Amino acid sequence: MTPAADHILLNAIGTLTTSVAPEVTTPFGQGQLGLIAALMYFASLEYESAADTAARENREMRSLFADAARTQTGMAEEFQQALLDAANSTDADLCISTLNRANTGLKALLIRLHEHLEGRTEDEARTLENRIWRFLRASADARALSLPELG
Amino acid sequence: MSAPDLETALAAYLRSRMEQATDVRVTGLSRFHGGASRETYRFVLHWTEAGEPRSRALILRRDPQASLIDTDRRMEFAAYRTFHGTDVPVPEALWLEMDGAALGSPFFIMSEVAGGAAASPFNDAPYGPHREKVGEAFWRILGRIHARDPGPAPLAEIADRPDPAHCWGRELNHWEAELDRDELEPQPIVRAAIRRLRRNPPPPPPRLCIVHGDFRTGNVLVDDEGAVTAVLDWEMAHLGDPHEDLAWAMDPLWAHKDPARPGGMIEIERALKHWEAASGLTVNTEAFAWWRLFASVKGMVIWISSAKEFASGANTDPILAFSARYCGGRQNQILLDMMGY
């Protein structure tokens, strides 16, 4: 659909800064306007990438859980079952709310798995823990928002 | 309460507190931008005393309906009372009201410090040619805060006094409890950092110090000549380990382009030397490393709390959404950097 949401947001930022900002006379109002423009910029970035980021993360976490359920021993039956159920789960659709809901549930389980693996010395445990750290790094980098360069 | 209503209510309050004054008026009430934990306004108070007209520039700090962090306004007021008139420049604290009857929510009033502005962490070179001068002053002032004997200080009358061996646990427990209360979604990175901090507690400080709790360039006013004119925003002040303040001020979030120069000032090693000279204390490298990771945990919890405030509708100031999304995203990266990932 055109214009796309990110284009609309970026255009609105331009209008705010060139047409509205000069009408705002107080430092407080100008400061708030600047923040709102920054938030709209962030929304324009996330329009493009948010669904892909959540879907990728969900896929990787499910893969992690499948490997953990297969290789890890000595965990409570309930925990092992939770890992298997999560590994076999799917995203019902690609709506961002659906993807985020799944992402939230999967991350709660990821925290449990990460804590379980900490301090373990077996090769499979070390491999999984390193994989979790790489996942967290990729997630943080994908979700970090950059400020626009102001020329 | 609209701006005109607030100005009227403020004048009425001041009239009730200034028994020797007549013709009490308030003019020029205007709000500062930034800082969602308190609303901050400047105004000019006019009055007549002993037949003489007088005026004074003042600052009103008022709680919003929902605050970014749970802080004790008495603590901030007491911190100003502790350091006013010393070699740590702070405004003069004048009136404190703990109930909302006069202005709709608790507030305090202090003097306005003439000259000076706070730096933005998004400015690569906030102090220009005065970087060295400001850097030395900034870290020495922090050292002077920590050099102060907390025993007789007004702040110490209301602050908890933990055993030095428990400083780390008290702070970590507090911020983990805030995280438990406020997270809207699971936070695997900060949870991993908290587990690491608990597994490796730091050595205790040699003694308790007054800890500012939010000492950074954004809370320090600097004038056009590079002189530090005031240290503000003491709402998270407490008694604890001085490494906490050092680490917080040096968090990479506050110097977004060059973390080797915290706050866009001088290198970390020189900063610590200035602090040691002024405080009379010595940096413990093991403790400092622990508190550096803690500082990023604390920051992350603050951004998570701001997300909850905004999402709940309790406080829809856009600064909260900005803090949650931009600062939260960056802080997760910093946490991973600090943990070696």
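In the predicted model, helix α7 of chain B, which spans residues 242–249, is mostly covered, with 8 of its 8 residues buried. The buried residues of α7(B) are Pro242(B), His243(B), Glu244(B), Asp245(B), Leu246(B), Ala247(B), Trp248(B) and Ala249(B). Their cover includes several elements of chain B, among them the helices α3 (131–147), α5 (167–182), α8 (268–279) and α9 (285–312). The strands β6 (209–211) and β9 (238–240) of chain B also contribute to this cover. One residue of the helix, Trp248(B), takes part in a contact between a charge and a ring: the charged end of Lys298(B) sits over the ring of Trp248(B), 4.6 Å from its centre. Two further residues of α7(B), Pro242(B) and His243(B), belong to the lining of the largest cavity. The remainder of that lining consists of Pro206(B), Trp275(B), Leu281(B) and Thr282(B). The volume of the largest cavity is about 30 Å³, and the count of cavities of 30 Å³ or more comes to 1.

Charged side chains were examined next. Side chains of opposite charge can pair when their charged atoms come close. Over all chains, the structure holds 40 salt bridges. One of them joins the side chains of Asp337(B) and Arg137(A), with an N to O distance of 2.7 Å. This salt bridge crosses between chains, as Asp337(B) belongs to helix α10 (residues 318–338) of chain B and Arg137(A) to helix α5 (residues 123–143) of chain A. Asp337(B) has a relative accessibility of 43% and therefore counts as partly exposed.

Within chain B, a salt bridge at 2.7 Å, N to O, is formed by the side chains of Glu97(B) and Arg17(B). Glu97(B) is located in strand β4 (residues 93–97) and Arg17(B) in helix α1 (residues 3–17), so the pair ties together parts of chain B that are 80 residues apart in sequence. The two partners fall into separate accessibility classes: Glu97(B) is buried at a relative accessible area of 18%, whereas Arg17(B) counts as partly exposed at 39% relative accessibility. A further salt bridge, between Asp87(B) and Arg144(B), has an N to O distance of 3.5 Å. Here the link runs from the loop between α2 (73–83) and β4 of chain B, which holds Asp87(B), to helix α3 of chain B, which holds Arg144(B); the residues are 57 apart. Asp87(B) is partly exposed, at 48% relative accessibility, and Arg144(B) is also partly exposed, with a relative accessible area of 28%. Elsewhere in chain B, salt bridges with shared partners join Glu176(B), Asp180(B), Glu183(B), Arg191(B) and Arg198(B) into one network.

Aromatic contacts were considered in turn. The structure holds 17 aromatic pairs over all chains. The rings of Phe42(A) and Tyr326(B) are stacked, because their planes lie at 10 degrees, with the centres 6.1 Å apart. This pair joins two chains, since Phe42(A) lies in helix α2 (residues 27–71) of chain A and Tyr326(B) in helix α10 of chain B. Phe42(A) is buried, at a relative accessible area of 3%, and Tyr326(B) is likewise buried, at 6%. A second pair, Trp133(A) with Tyr341(B), is also stacked, at 3.9 Å centre to centre and with 5 degrees between the planes. It too crosses between chains, from helix α5 of chain A, where Trp133(A) lies, to the segment after α10 of chain B, where Tyr341(B) lies. Trp133(A) is buried, with a relative accessible area of 3%, while Tyr341(B) is partly exposed, at 32%. Ring pairs also link Tyr41(A), Phe42(A), Phe322(B) and Tyr326(B) into a cluster. In chain B, Arg148(B) lies over the face of Phe83(B), at 5.6 Å from the ring centre.

Both chains also contribute to an open pocket. The second largest pocket has a volume of about 1,000 Å³ and a lining of 39 residues. Nearest its centre lie Glu46(A), Arg143(A), Glu185(B), Gln187(B) and Arg325(B). At least two lining residues of the second largest pocket are supplied by each of α2, α4 (96–117) and α5 of chain A and by each of α6 (188–199), α9 and α10 of chain B.

Note on methods: Residues numbered from 1 in each chain as written. Chains lettered and ligands numbered in written order. Predicted model: local features only at pLDDT ≥ 70, side-chain atom pairs only at ≥ 80, totals over all residues. Heavy atoms only, no water. Buried < 20%, exposed > 50% of the residue type's maximum accessible area, 1.4 Å probe, protein only. Helix = DSSP H or I, 4+ residues; strand = E, 2+ residues; numbered from the N terminus. Contact = heavy atoms within 4.5 Å. Salt bridge = Lys/Arg side-chain N within 4 Å of Asp/Glu carboxyl O. Phe/Tyr/Trp six-rings, centres within 6.5 Å; stacked < 30°, edge-to-face > 60°. Lys NZ or Arg CZ within 6 Å of the ring centre and 35° of its normal. 1 Å grid on protein atoms, 1.4 Å probe; cavity = no way out; pocket = protein on both sides within 12 Å on 5 of 7 lines; lining within 4 Å. Points joined across faces, edges and corners; volume = space filled by probe spheres on them.
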